[in-house]
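Trainee: Could you walk me through reading a model like this one? I'd like the general idea each time, and then the case in hand.

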Amino acid sequence: MADTMISSLEQLSAAMADAVAAASRSVVAMHAARSRASGFVWRDGLIVTSEEALPEEGDVAVLLPDGGKLRASIVGRDAATDIALLRVEGRAPSPIAFDAAPVRAGSIALAVGSQAGTAVAAAGVVSLVGPAWRSLRGGDIDLRIELGLVLRRSVEGGLVLDAGGRAIGMGVFGPRGRVLVIPGATIERVASQLAAHGRVPRGYLGVALQPVKVEPDGIGAMVMGIDRDGPAAIAGARQGDVILAWNGEPVRGVHTLPRALGPASVGTVVKLSLRRAGEPLELPITVGERPAD
């Protein structure tokens, strides 16, 4: 019995080590002046990593598994989904392929990163699998996957594998230090937009908001500043207006509106329910596209 258990553990250990070794051929280390993270080859010459792990400016170097080093330039970054895309100068490793197999809570998960070009791994379990969700910055994530494992900072932006060694997404840090997975489907969608346009379009109203209490127990969003050339101003919104509802849905805080302004919102007409000088007002606004930073 003991021999059988030892044999099974050895087989599991060998299988996990083999999975890490195979995936690490496409995983790279990302070095910038003030950050260390991981990334992986998404397409020929294109690297995906965590947007949050990248500095706002400065050179980025990519350290390869074979000890080589390449310079990288940022193609585009999307803070809403925590995805950044870089292009390397020179020959990069082979791209990784994501697998669409279902992810189940309780199953084994492996995080694979790179530290100065050397493979780094962490093992744990999938602690939660939930439906599609929207980040606090308004990014649409196809599946909520949380991991029960300890992740080094240098591994953020690396690959997450299932028990079969299949790549399911990118490992990142979420709120309160949780380890989240940005699923392969989200990466494919967002990275494709970054490769084509350098950015992901976001909706834009052109207002600065502040939460206010609304009698008797509600919350509204007061317009504190307004872009005079923005969609809200063109539609007739004014500073001091209090937004109470968006397409009939009550506003529950200033985060409600930015989270509703995803890529699909651009060009749509929304109805804002306002209070102006104490009087109710309905205002249709055509959502614009947020200007490039």
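Mentor: Sure, and keep in mind that the model is predicted. Let's start at a pocket: strand E9 (133-134), strand E13 (167-173) and strand E14 (179-183) each supply at least two residues of the lining of the second largest pocket.

Trainee: About how much space lies in the second largest pocket, and which residues lie nearest its centre?

Mentor: The space comes to about 360 Å³. Its lining counts 20 residues, and Trp-133, Ser-135, Leu-136, Gly-174 and Pro-175 are the ones nearest the centre.

Trainee: How do the residues of that lining divide into nonpolar, polar and charged?

Mentor: You get 10 nonpolar, 3 polar and 7 charged residues in the lining of the second largest pocket. Hold on to that split for when we get to the cavities.

Trainee: Okay, cavities then. How many of 30 Å³ or more does the structure hold?

Mentor: General idea to begin with: rolling a probe the size of a water molecule over the atoms shows where empty space is left. In this model that gives 2 cavities of 30 Å³ or more. The largest has a volume of about 40 Å³, and the second largest holds about 30 Å³.

Trainee: Which residues line the largest cavity?

Mentor: Its lining is made up of Leu-205, Val-207, Val-223, Ala-232, Ala-237, Ile-243, Leu-272, Leu-274, Leu-283 and Ile-285. By class that is 10 nonpolar, no polar and no charged. Strand E20 (269-276) and strand E21 (279-286) each put at least two residues into this lining.

Trainee: And what lines the second largest cavity?

Mentor: There you'll find Met-30, His-31, Ala-32, Ser-35, Ala-37, Thr-49, Ala-53, Leu-54, Pro-55 and Val-60. This lining divides into 7 nonpolar, 3 polar and no charged residues. Strand E1 (27-32) and strand E2 (35-43) each supply at least two of them, with E1 giving the most, 3 residues.

Trainee: Let's go on to cores. Which residues have the most contacts inside the largest nonpolar core?

Mentor: The general idea is that in soluble globular proteins, nonpolar side chains tend to be buried together. Here the largest nonpolar core has 27 residues, and Phe-40, Trp-42, Val-48, Leu-159 and Ile-187 have the most contacts inside it. Helix H2 (residues 184-197) is the top contributor to this core, with 4 residues. There's also a second, separate core of 17 residues, including Met-30, Val-62, Ala-84 and Val-88.

Trainee: What does Ile-187 touch, leaving out residues up to four places away in sequence?

Mentor: With those set aside, Ile-187 touches Phe-40, Trp-42, Val-48, Ile-83, Phe-98, Gly-169, Met-170, Ile-182 and Ser-192.

Trainee: Now strands. How do E4 and E5 pair?

Mentor: A rule of thumb: in a regular strand the side chains alternate between the two faces of the sheet. As for the pairing, strand E4 (residues 60-63) and strand E5 (residues 69-78) are antiparallel, with 4 bridges. Val-62 has Leu-70 in E5 as its bridge partner. The hairpin of E4 and E5 leaves 5 residues between the strands, and Gly-67 there takes a positive phi near 95°.

Trainee: Which strand do 6 bridges join to E5?

Mentor: That's strand E6 (residues 83-88), which runs antiparallel to E5. Asp-78 stands opposite Ile-83 in E6. E5 and E6 form a hairpin too, with 4 residues between them, and Asp-82 in the turn has a positive phi of about 60°.

Trainee: One residue in E5 caught my eye, Gly-76. Is Gly-76 buried or exposed?

Mentor: Gly-76 has a relative accessible area of 5%, so Gly-76 counts as buried, the cut-off being under 20%. Apart from neighbours within four places in sequence, Gly-76 is in contact with Ala-84, Leu-85, Leu-194 and Gly-198. Look at Gly-198 in particular: the C-alpha atoms of Gly-76 and Gly-198 are separated by 4.4 Å, while the two residues are 122 residues apart along the chain.

Trainee: What percentage of contacts between residues at least 6 apart in sequence join residues at least 24 apart?

Mentor: For the chain, that comes to 57%. To zoom out, the chain has 4 helices and 22 strands, and its C-alpha trace spans about 80 × 50 × 30 Å along the principal axes. Of its 293 residues, 46% are buried.

Notes
Residues are numbered from 1 along each chain as its sequence is written. This is a predicted model: local features need pLDDT of at least 70, side-chain atom pairs count only at pLDDT 80 or more; totals for chains, interfaces and linings use all residues. Side-chain values use heavy atoms; hydrogens and water are left out. A nonpolar core is a set of buried Ala, Val, Leu, Ile, Met, Phe, Trp, Tyr and Cys residues joined through side-chain atoms within 4.5 Å. Buried means under 20% relative accessible area, exposed over 50%, partly exposed in between (1.4 Å probe, protein chains only). Contact means heavy atoms within 4.5 Å. On a 1 Å grid over the protein atoms alone, a cavity is a set of points where a 1.4 Å probe fits but cannot get out, and a pocket is an open set with protein on both sides within 12 Å along at least five of seven lines; lining residues have an atom within 4 Å of a point. Grid points are joined across faces, edges and corners, and a volume is the space filled by probe spheres set on the points. Ala, Val, Leu, Ile, Met, Phe, Trp, Tyr, Cys and Pro count as nonpolar, Asp, Glu, Lys and Arg as charged, and the others, Gly among them, as polar. Two strands pair if DSSP finds at least two bridges between them.
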